[in-house]
Amino acid sequence: IIHFMNIYSQPIHLLVEAKMQAVKLSRKERELQQHRREILRVALKMFSESGFHGVTMQDIAKEAEFAVGTLYKFFANKEDLYGALLLEKIDEMEDALRDSLEGDKNEIESIRSFLEGLIRLVKKNAYFFRLYLAEITRTGPSALSSIGMELKQGREREIARLGGIFETGIRNKAFRDLDPFLLAAALDGMITGLIIEYLEHG
């Protein structure tokens, strides 16, 4: 499941450069960026509540208080909007979770940090996690299968990272000598079950 860069770890010249680039944006460009973010915010909520097929571009435009043509300035069609939404959010999630696994921590602390980071993400992004779980558990042919595949590959990367932590922890006698990647898959399955429980019952 991980590309949200920790700005505090970046060299100062990169921060200054990023700031200068932001300043160079015209008022019109800043407005366009804000419009795009608002469209994605509204679309996320609506897709989460009604599903992909239960929402139209007209519905999103009306809720976001934009003309339908404004949506098509940013996205070719509903599939394009949906894909951009999910892939941007999965990048943010992967970055945040990767950051939680890094740092000067032992293996048990790394697992704890990962779980705590995930809990914060789920509470903050319930709408996204509803869509995420719907996509990664989708089976059979799907017009949106390429998006589902991207999400599943992200989940596989997360399991591989967890497996690496378990593998190191087994060598260091922090965990029992079991298959580290089965341990990671089992933890991922428990996490998925707990997320579903939280989304359904709080």
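**Exercise 1. Which residues sit on the face of H3 turned away from its buried side, and are they buried or exposed?**

Start with the outward side: the face of H3 pointing away from its buried side carries Lys 62 and Glu 63, and both are exposed. Keep in mind that we're working on a predicted model here.

Now flip to the other side. Met 57, Ile 60, Ala 61 and Ala 64 are the buried residues of H3. Look down the axis of H3 and these buried residues fall within an arc of 100°, so they line one face of the helix. The general rule helps: an α-helix has 3.6 residues a turn, so residues three or four places apart point the same way.

What do the buried residues of H3 pack against? Their partners are H2, helix H4 (68-74) and helix H5 (78-101).

One last stop: just after H3, Glu 65 takes a positive phi of about 60°.

**Exercise 2. Work out how H2 and H3 are arranged, and which residues make their contact.**

Step one is the geometry. The axes of H2 (residues 27-50) and H3 (residues 57-64) come within 9 Å and cross at roughly 120°. Perpendicular pairs stop at 115 degrees and antiparallel ones start over 145, so H2 and H3 are oblique to each other. For handedness, H2 passes H3 in a right-handed crossing.

Step two is the contact itself. H2 brings Ile 39, Val 42, Ala 43, Met 46 and Phe 47, while H3 supplies Asp 59, Ile 60, Glu 63 and Ala 64. Sorted by class, that contact has seven nonpolar residues, two charged and no polar ones.

Step three links back to the first exercise. Ile 60 and Ala 64 are on the list of buried H3 residues, whereas Glu 63 is exposed.

**Exercise 3. Do the same for H7 and H9: what are the crossing angle and the contact residues?**

Angle first: the axes of H7 (residues 126-136) and H9 (residues 180-201) come within 11 Å and cross at roughly 125°. That makes H7 oblique to H9. Their crossing is left-handed.

Next, the residues. From H7 you get Ala 126, Phe 129, Arg 130 and Leu 133, and from H9 Thr 192, Ile 195, Ile 196 and Leu 199. Split by class, the contact of H7 with H9 has six nonpolar, one polar and one charged residue.

**Exercise 4. Where does Asp 91 lie, and how far is its C-alpha atom from that of Gly 154?**

Asp 91 lies in helix H5. Its relative accessible area is 38%, which means partly exposed. Asp 91 and Gly 154 are 63 residues apart along the chain, and their C-alpha atoms are separated by 8.7 Å.

Conventions: Residues are numbered from 1 along each chain as its sequence is written. This is a predicted model: local features need pLDDT of at least 70, side-chain atom pairs count only at pLDDT 80 or more; totals for chains, interfaces and linings use all residues. Side-chain values use heavy atoms; hydrogens and water are left out. Axes are lines fitted to C-alpha atoms, for helices over the stretch in contact, and angles run from 0 to 180 degrees between N-to-C directions. Helices (H or I, at least four residues) and strands (E, at least two) are DSSP runs, numbered from the N terminus. Angles under 35 degrees count as roughly parallel, over 145 as roughly antiparallel, 65 to 115 as roughly perpendicular and the rest as oblique. A crossing is left-handed if the near helix is turned anticlockwise from the far one by less than a right angle, and right-handed if clockwise. Contact means heavy atoms within 4.5 Å. Ala, Val, Leu, Ile, Met, Phe, Trp, Tyr, Cys and Pro count as nonpolar, Asp, Glu, Lys and Arg as charged, and the others, Gly among them, as polar. Buried means under 20% relative accessible area, exposed over 50%, partly exposed in between (1.4 Å probe, protein chains only). The arc is that of the directions from the helix axis to the C-beta atoms.
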